Amino acid sequence: MPKTALITGITGQDGSYLAEVLLEQGYDVWGMVRRASTESYERIEHLRDRVRFVQGDLLDQPSLTSALLQAGPDEVYGLAAQSFVPTSWSQPVLTAEFTAVGVTRLLEAIRQVNPAIRFYQASSSEMFGKVRETPQNELTPFHPRSPYGVAKAYGHYISVNYRESYGMFCCSGILFNHESPRRGLEFVTRKVSDGVARIKLGMTDTLTLGNLDARRDWGYAADYVRAMWLMLQADTADDYVVATGVTHSVQELVETAFGYVGLDWRDHVRTDPALIRPAEVDLLVGDASKAHGELGWEATVDFTGLVQMMVDADLERLS
Ligand code: NAP
Ligand code: F7E
């Protein structure tokens, strides 16, 4: 019997890669999508005839229950969220409704429809925020620095709580930044790869950024969704950090991307104080020893390979 999985957030970056992994494993894949006047299926266009869709919204409890009843999943991957950190300051309440309380709505729907369903929660390194130790692991205390980080800390703990309260199989993946050619254009890696491609092709001359000193542990999204699947195949539910263990600054990202196409970033990059965040996460670097040891998970793409892949993809798209 093939297993059945329901992915919330299937139209997002991670949802599209995860759907590919699950289809390769022979799963019946369902995607939960929210109603919009224009469909946002661009990232899953190539999978449309292999995935079944059900409408639902994290704000609407009955729609989550109906989605579970319709799909009948063995596994639910809870990826849907308001995921852009700056928007969490301009829309803090909506971010909490989606990214925090939305997790409880989904867990309650699972508990009522079939508590044996295995659940993956998309937790985030943003929960570490003003970091208490370096590198960060599963036991590092949280100190979130944005309404998004605070909402994710809630989502994390409510997943742990449903595991401890009801014995449900809830796993929380504390994923560090992961990127790809399918990354939203507003995130810094994609903004840089798209900007470099536009400058190289003569479409524009400048790229305006915010804080160049922030450091992140950037990995490849297609690697990270494999970790999500591995967590739900384990004998017991647990929480795992997923990261490369290597950190780079935004300036190093810019140097690498411009250097790859033979340009000097100092000729093109401007900074704008309006892009500086009210509170910044200065340094992230993860210790994924537990995921390596218990799940056998490894990253396959390093920072330079990732940046080059993204620049190549944007050059091809825009050419
Ligand atoms: P993304 O590209 O922004 O995708 C977010 C998805 O959530 C989209 O499919 C979006 O649907 C859906 N969504 C948003 N609000 C919804 C609602 N109210 N009801 C139903 N669906 C809704 O995010 P991602 O990068 O793939 O990340 C996936 C998850 O991992 C998110 O929870 C994110 O916070 C978390 N995370 C990401 C990273 C990272 O570096 N990428 C790291 C750690 C954790 P539409 O297409 O309709 O907008
Ligand atoms: O910013 C700096 C910015 O928006 C990275 C989400 O997937 O990963 C992501 O959150 C850094 C920050 O990602 C610009 O200040 C400089 O320090 O790409 P980002 P993020 O905020 O780290 C975590 C793990 C998630 O969970 C989130 O969902 O880059 N930066 N200049 C800039 N950032 C942006 N976006 N734009 C700039 O112009």
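Start by selecting the residues around ligand 1 in this predicted model. Colour that shell by class and you'll find 10 nonpolar, 10 polar and five charged residues. That makes 25 residues surrounding ligand 1, and the closest include Thr 11, Asp 14 and Leu 79.

Now switch on the secondary structure. Helix H1 (13–24), strand E5 (118–124) and helix H5 (147–166) each put at least two residues into the shell around ligand 1. Click on E5 next: with three residues, this strand gives the most to that shell.

Time to zoom in on some atoms. Show the side chain of Arg 34, where a polar atom sits 2.8 Å from an oxygen atom of ligand 1. Then pick Lys 152: an N or O atom of its side chain is 2.9 Å from an oxygen atom of ligand 1. For Ala 81, look at the backbone instead, since a polar atom there lies 3.3 Å from an oxygen atom of the ligand. Turn on a surface, too: the protein covers 89% of the 900 Å² of accessible area that ligand 1 has on its own.

Next stop, ligand 2. Select the 23 residues surrounding it; among the closest are Ser 124, Arg 277 and Glu 280. By class, this shell splits into 10 nonpolar, six polar and seven charged residues. Colour by domain as well: domain 1 (4–178 + 218–242) and domain 2 (184–217 + 246–284 + 301–318) each provide at least three residues of the shell around ligand 2.

Which side chain has an N or O atom 2.6 Å from an oxygen atom of ligand 2? Select Glu 280 to see that pair. Lys 191 has a side-chain N or O atom 2.7 Å from an oxygen atom of ligand 2. Surface on again: the protein covers 95% of the 700 Å² of accessible area that ligand 2 has on its own.

Key
Residues numbered from 1 in each chain as written. Chains lettered and ligands numbered in written order. Predicted model: local features only at pLDDT ≥ 70, side-chain atom pairs only at ≥ 80, totals over all residues. Heavy atoms only, no water. Near = heavy atom within 4 Å. Polar contact = N/O pair within 3.5 Å; in protein donor to acceptor, adjacent residues only side chain to side chain. Areas by Shrake-Rupley, 256 points an atom, 1.4 Å probe, with all protein chains shown as cover. Helix = DSSP H or I, 4+ residues; strand = E, 2+ residues; numbered from the N terminus. Nonpolar A, V, L, I, M, F, W, Y, C, P; charged D, E, K, R; others polar. Domains from an automatic or database assignment.
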